[in-house]
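Dear colleague,

I am passing on to you the structure shown just below, which I understand you have not worked with before. Please have it open while you read, since the notes that follow go through it part by part.

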Amino acid sequence: MFSVPLRDDAQLRPLEPWHAEEFAAHLDRAREHIRPWVGPAFVTDDVEGARATLRRYAERQAADGARLFGIWHEGTLIGGVMFVAFDAASGTCEIGCWLEPAGEGHGLITEACRTLLDWAFTTRGLFRAEWHCRADNDRSSAVAKRLGMTLEGVRRSAWPYDGARHDKQLWAVLAPEHRTERA
Ligand SMILES: CC(C)(COP(=O)(O)OP(=O)(O)OC[C@H]1O[C@@H](n2cnc3c(N)ncnc32)[C@H](O)[C@@H]1OP(=O)(O)O)[C@@H](O)C(=O)NCCC(=O)NCCS
């Protein structure tokens, strides 16, 4: 199976329906940590819910759309990155990410996102990658900054959560900017 080393003890691999049990166990460790910041459909409660998420991504991948990748750290699935959207025709994509608490603070997400950006811009010839996050999600906007993204705007009150509405930031990086960042 394809596996990209992020460092000696961490790998990026496709996250597929056959991982449903492992993904559900990981969500048990991640659920309350990610709930305020990710789409509600991603925060499932059991193996069948986890399998439904993995199937949804597999179906979209089969149509050359969204794709999901897990990060394994010392053999444990601790989070991942995804193309939330991927549109080869328009040359645009959106990248997202999540981690369980033990996965934070190791630089694994930034490294994994760079791998996705390299593939989108170099292998697939896309031109623009977006990052959407709640405006008060400081760790997420820090990743966007580390990826060389520009804050393009704020969608006011675009994110309903727990009875309140939150602003949403839109960050993006263009292919030539990413190439300069990587050089
Ligand atoms: C957003 C999220 C994925 C960011 O995780 P993260 O660990 O902060 O991001 P990275 O993997 O890029 O790691 C960067 C951190 O690792 C540290 N680090 C340690 N070793 C490192 C290394 N070798 N290389 C780079 N950074 C390293 C950095 O200093 C930084 O820590 P700091 O912010 O405390 O200074 C995580 O906070 C999360 O899952 N949040 C909840 C869900 C969520 O918000 N998802 C995004 C929705 S838009």
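This is a predicted model, and I would begin with the ligand, which is surrounded by 21 residues, the closest of them being Trp 37, Gly 107, Ile 109, Thr 110 and Arg 139. The elements that give two or more residues to this shell are α1 (20-34), β5 (92-99), α3 (108-123) and α4 (138-146). Sorted by class, the shell consists of 11 nonpolar residues, eight polar ones and two that are charged.

Turning to the interior, the largest nonpolar core of the model contains 46 residues, and within this core the residues with the most contacts are Val 81, Ile 95, Ala 112 and Cys 113. Helix α3 supplies the largest share of the core, namely eight residues, and α3 is also among the elements that give two or more residues to the shell around the ligand. If you would like one residue from which to explore the core, Val 81 may serve, as it touches Phe 69, Ile 95, Cys 97, Ile 109, Ala 112, Cys 113 and Leu 116, when residues up to four places away in sequence are left out of the count. One of these contacts of Val 81, Ile 109, is listed as well with the residues closest to the ligand. As general background, nonpolar side chains tend to be buried together in soluble globular proteins.

The strands come next. Eight of them form an open sheet with mixed pairing, in the order β1-β2-β3-β4-β5-β6-β8-β7. The edges of the sheet are β1 and β7 (150-161), each of which pairs on one side only, and neighbouring strands are turned against each other by 25° on average, with direction ignored.

At the β1 end, strand β1 (residues 4-7) pairs with strand β2 (residues 10-14) in the antiparallel sense over three bridges, and a hairpin of two residues joins β1 to β2. In this pairing Arg 7 is found opposite Ala 10 of β2. Strand β2 pairs in turn with β3 (residues 67-73), again in the antiparallel sense and over five bridges; here Gln 11 stands opposite Trp 72 in β3, while Arg 13 has Gly 70 of β3 as its bridge partner.

With kind regards

Technical notes:
Residues are numbered from 1 along each chain as its sequence is written. This is a predicted model: local features need pLDDT of at least 70, side-chain atom pairs count only at pLDDT 80 or more; totals for chains, interfaces and linings use all residues. A residue is near a molecule or strand if its C-beta atom, placed from the backbone, lies within 6 Å of it. Helices (H or I, at least four residues) and strands (E, at least two) are DSSP runs, numbered from the N terminus. Ala, Val, Leu, Ile, Met, Phe, Trp, Tyr, Cys and Pro count as nonpolar, Asp, Glu, Lys and Arg as charged, and the others, Gly among them, as polar. A nonpolar core is a set of buried Ala, Val, Leu, Ile, Met, Phe, Trp, Tyr and Cys residues joined through C-beta atoms within 7 Å. A residue is buried if 20 or more other C-beta atoms lie within 10 Å of its own, exposed if 12 or fewer, and partly exposed in between; C-beta atoms are placed from the backbone. Two residues are in contact if their C-beta atoms, placed from the backbone, lie within 7 Å. Two strands pair if DSSP finds at least two bridges between them. Axes are lines fitted to C-alpha atoms, for helices over the stretch in contact, and angles run from 0 to 180 degrees between N-to-C directions.
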